[in-house]
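This report walks through one protein model, from single residues to the overall fold. Keep the viewer open while reading.

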Amino acid sequence: MSREYPIIALTGSSGAGTTTVKRTFERMFAREAVHAAFVDGDAFHRYTRQELAQLLVDEPDRKDELSHFAVEANLLDRLEALFREYGQTGNGSYRHYIHAEDKQMIEAGYQVGTFTEWQSLPCGTDLLFYEGLHGGLVTAELDIARHVDLLVGVAPTMNLEWIQKIDRDMRHRGYSQEAVIDTILGRMDDYVRYIQPQFSRTHINFQRVPTVDTSNPFEVQDIPTDAESFVVIRFRDPATVDFPYLLAMIQDAFMSRPHTLVVPGSRLSLAMELILGPLVRHLLAQRRFR
């Protein structure tokens, strides 16, 4: 952790909904004139999409360790090195992974599933913001979580997470439902080993819980809307949270445990602004003048 160069990490599985939370941070940063360095966790995958597909053909016995959740399939030593260097100096190296949604990068000649070259982070940033799979990872060799000043987890109920992933990968990435299900099942061991433990290290977890039937996530169906959901928000240190204020400001919110606030899904954006805004301002207030 660093007072001068804070790091915020947003961690969650593929299809969990981290992009929604990231947009909330982006709005806050714009409103508060915060100059953030944005880092995408997918940029630390070890293989391009084509390389990975070929490896799965050539070495099918390695299928489990080639999951994007697996340590072996990522350059997580480089991710930890980036966090360490940024916390110490405000510098570091990163790159971009090209998604199908990255229209400008594709128009510039990059192919989906490839990487840009490694480059230096922008100079003079106020903080580093990471969104990806491994922001809170701890293994025998790596301790990425210790470098993070604010670790936020996004972990919807399992069936909802799968429904969201299936919908996204079919709608936006052209995969068949069978292919997405195979991916989910193939990653399960790594999900349990590397992804889920991170949510016990987060400072805050946001977990969306649908109030409609999602008992068979592999049946084609619409994603439950925010209005059809509640969001369970767990705080690691409840002593630092002004729960009476949040309950007064968020209509129909209630506490289910001393460290847990439940809000209607339609009021998630307001809840995130009220909870995360002061935390970001606190991190920036702790910085030493350079």
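Is Val57 buried or exposed? Val57 is exposed, because its relative accessible area is 60% and exposed means over 50%. The model is predicted. Val57 sits in helix H2, which spans residues 49–58. Compare its position with that of Phe129: the two are 72 residues apart in sequence, and their C-alpha atoms lie 35 Å apart in space.

**Overall fold**

The protein chain holds 9 helices and 10 strands. Its radius of gyration is 19 Å, close to the 19 Å that the globule rule gives for 290 residues, so the chain is as compact as a globular protein of that length. Along the principal axes, the C-alpha atoms fill a box of roughly 60 × 50 × 40 Å.

Contacts reach across the sequence. Of those in the protein chain with a separation of 6 or more, 73% join residues 24 or more positions apart. Buried residues make up 49% of the 290 residues.

The surface comes next. The protein chain exposes about 14,400 Å², and carbon and sulfur atoms supply 50% of that area. The chain carries 30 positive and 40 negative charges. The mean positions of these two sets are 5 Å apart.

**The cores**

In soluble globular proteins, nonpolar side chains tend to be buried together. Here the largest nonpolar core has 34 residues. Phe25, Ile233 and Leu276 have the most contacts inside this core. Helix H9, residues 268–285, gives the most to it, with 8 residues.

Which residues does Phe25 touch, not counting those up to four places away in sequence? They are Ile8, Phe129, Val152, Leu276 and Val280. Leu276 thus appears twice: as a contact of Phe25, and among the residues with the most contacts inside the largest core.

A second, separate core has 22 residues. Ala37, Leu76, Leu142 and Tyr194 are among them.

**Loops and positive phi**

Most residues other than glycine have a negative phi. Two residues here depart from that pattern, and each is found in a loop. Phi of Ala33 is near 55°, a positive value. Ala33 is found between helix H1 (18–31) and strand S2 (36–40). At 65% relative accessibility, Ala33 counts as exposed. Phi of Asp252 is near 70°, also positive. Asp252 is found in the loop between helix H8 (243–249) and strand S9 (254–257).

**Sites outside the cores**

Where is Ser200? Ser200 is in the loop between helix H7 (188–195) and strand S7 (204–210). Ser200 counts as exposed, at 63% relative accessibility. Gly136 is 64 residues away from Ser200 in sequence, yet their C-alpha atoms are 9.1 Å apart in space.

Tyr245 lies in helix H8. Tyr245 is partly exposed, with a relative accessible area of 38%. Its C-alpha atom is separated by 25 Å from that of Glu228, 17 residues apart along the chain.

The table sets out the accessibility values.

| Residue | Relative accessible area | Class |
|---|---|---|
| Val57 | 60% | exposed |
| Ala33 | 65% | exposed |
| Ser200 | 63% | exposed |
| Tyr245 | 38% | partly exposed |

Why is Tyr245 classed as partly exposed? Its relative accessible area is 38%, and partly exposed covers the range between under 20% for buried and over 50% for exposed.

Terms used: Residues are numbered from 1 along each chain as its sequence is written. This is a predicted model: local features need pLDDT of at least 70, side-chain atom pairs count only at pLDDT 80 or more; totals for chains, interfaces and linings use all residues. Side-chain values use heavy atoms; hydrogens and water are left out. Helices (H or I, at least four residues) and strands (E, at least two) are DSSP runs, numbered from the N terminus. The radius of gyration is taken over C-alpha atoms; the globule rule is 2.2 Å times the number of residues to the power 0.38. Buried means under 20% relative accessible area, exposed over 50%, partly exposed in between (1.4 Å probe, protein chains only). Contact means heavy atoms within 4.5 Å. Accessible areas come from the Shrake-Rupley method with a 1.4 Å probe; for residues, only the protein chains shown count as cover. Lys and Arg count as positive and Asp and Glu as negative; His and the chain ends are not counted. The place of a charge is taken as NZ of Lys, CZ of Arg, CG of Asp or CD of Glu. A nonpolar core is a set of buried Ala, Val, Leu, Ile, Met, Phe, Trp, Tyr and Cys residues joined through side-chain atoms within 4.5 Å.
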